[in-house]
Amino acid sequence: MAALKKQEIQFIFFAIFALLLLFRFQMAHTSINVDNHFLSLHTLLELFSIFVSFSLFVQAWTTYSTHRIKSQYFIGLVFLAVGCFDLVHTFTYKGMPFINDEFSATRATWFWIVARLIESIGVALFVFRPNQLLFINRGWGLSVTVLFVSICTTIILTIPERLPVLLNEQGVTGLKVSLEYVISTTIFITFITLLTRYIKELRPNTDSLRMIFALFVMMVGELFFTLYNHVYAIENLLGHCFKFIGYIYIYRAIYFPEIQQILTDKENAEKQQMEAELKLYEAEKNLSRQVFEAHEEERKRVSRELHDSIGQSLFSILVTLNTVNKDQSVETNEDSLQTIKKMTQEAMKEVKEIARSLRPSTLDDLGFIPAVRSYLESYKQIHNISVQFEIKGVVGRLEPEAETALYRICQEALTNTAKYAKASEVYVSLNMDEDSVDLTIIDNGIGFCIGDYLKNAQRKGIGLYSIKERAEGVGGSAQFHSKVNEGTTIKIFVPRNVDEKVDHSLFP
């Protein structure tokens, strides 16, 4: 901001110096004409100014639908009108090939005056009455502006001979000078008002300073237009230069901050997206790690059971067989054979238990309901938890993927209940219709805070996420309800046709 102040203060001193120098030339009745290149320079400067004017309108039009700032839309309409009048002024200027008759200077000058009057009054209203502007909607505002421009343009183009003379062979007329002073005075009052506000602000901002600078430059430019005595005079050219610079700073003061804000928001959004993607990557990596750990734990469990149960049974059978081989007594062999038979039966039973824990054959042979019944019976005996199982609706086989998912969900949910819930009762309900299956598991345990679980999910294993993933894997969804000391409810929704999808909401 300090650099901005320094830059613009230097330009202000330069503008004042140029103005005083031109006053000196005027006092000496001297003016410099630049006939050879003036028309090209004038057209180029005007086109630049017109581009900035239309840019102000386009920015106001596009941002109004989201920001709804009426004062900014008003100033956009003002500069739309100014740009249109400046465009016609450029095409009707003396020397241009479009309209070149005795009234060319009159038309061009009147277009210029109308544009400057709209510009000065519009900016003053924008500063003094920012909250009372544009009482009609966006479309009507544009329509009124276009209608006003059309009427004024038609009058100036068709009846220039009836308009007061602003420029003659001796130079600008008294009326032209008076109108330029009115425009300059309006801009000066607006400039003083903004400057006073800026000085009183506790935290002055750069945008206010830019607007103040724009008004000062435009005011100096208008003073230049009171000095020339020929349409190709250098005062006229310098006035256009100052006007163009003033427009640039108005654009920077009003709309450039929005562009900067958009870029800042975009940068922040990209940063947040990168952070979210990084968190998602870490979560996926952590979930994969937990899945691998769960697989390893299952392998360890099966390994321990094989070693501790089947391995020990087979070792005992082997020892007994060696004894039979060495002992030739019939009675002893008879007893040993009975022992071997009993140990073999126990070993077979243990193999079946291990196989059933990995995947029960009942699930493939008879379906989900018999498999769940069998699992719940053993669950009651092992964990000493009362289980109530209820089935409603259209009973029948489901698709294999759905049956496997529901069975594993029951296993996961009831295992969690036995480990953490300290429940004495569990209610399992299966509601089956023609399109979907609803599985509900309710316990009377200690419950938990779902928010705390989500925060500490990394330390608690896969848990509810495993249930959710299994349900979503067959096109279903999972919902969890739990409060401390109020038990836990798990609701699973699975379509009979796994190609169908339902809402995947983890927590309602």
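This is a short dialogue on reading helices, burial and ring pairs in a predicted model.

User: Before we start, what should I know about this model?

Analyst: It's predicted, so local features need pLDDT of at least 70 and side-chain atom pairs count only at pLDDT 80 or more, while totals for chains, interfaces and linings use all residues. Residues are numbered from 1 along each chain as its sequence is written, and side-chain values use heavy atoms, with hydrogens and water left out.

User: What span should helix 3 have, and how far apart are its end C-alpha atoms?

Analyst: Helices are DSSP runs (H or I, at least four residues), numbered from the N terminus. The expected span is 1.5 Å times one less than the number of residues. Helix 3 (residues 70–91) has 22 residues, so it should span 32 Å; its end C-alpha atoms are 32 Å apart, which agrees.

User: How many residues of helix 3 are buried?

Analyst: Buried means under 20% relative accessible area, exposed over 50%, partly exposed in between (1.4 Å probe, protein chains only). Here 17 of the 22 are buried, so helix 3 is largely enclosed by the rest of the structure.

User: And how many aromatic pairs are there?

Analyst: Rings of Phe, Tyr and Trp (its six-membered ring) pair if their centres lie within 6.5 Å; planes under 30 degrees apart are stacked, over 60 edge-to-face, the rest tilted. That gives 11 aromatic pairs. One of them, phenylalanine 48 with phenylalanine 244, is tilted: 5.5 Å centre to centre, 35° between the planes. Phenylalanine 48 sits in helix 2 and phenylalanine 244 in helix 8, 196 residues apart.

Conventions:
Helix = DSSP H or I, 4+ residues; strand = E, 2+ residues; numbered from the N terminus.
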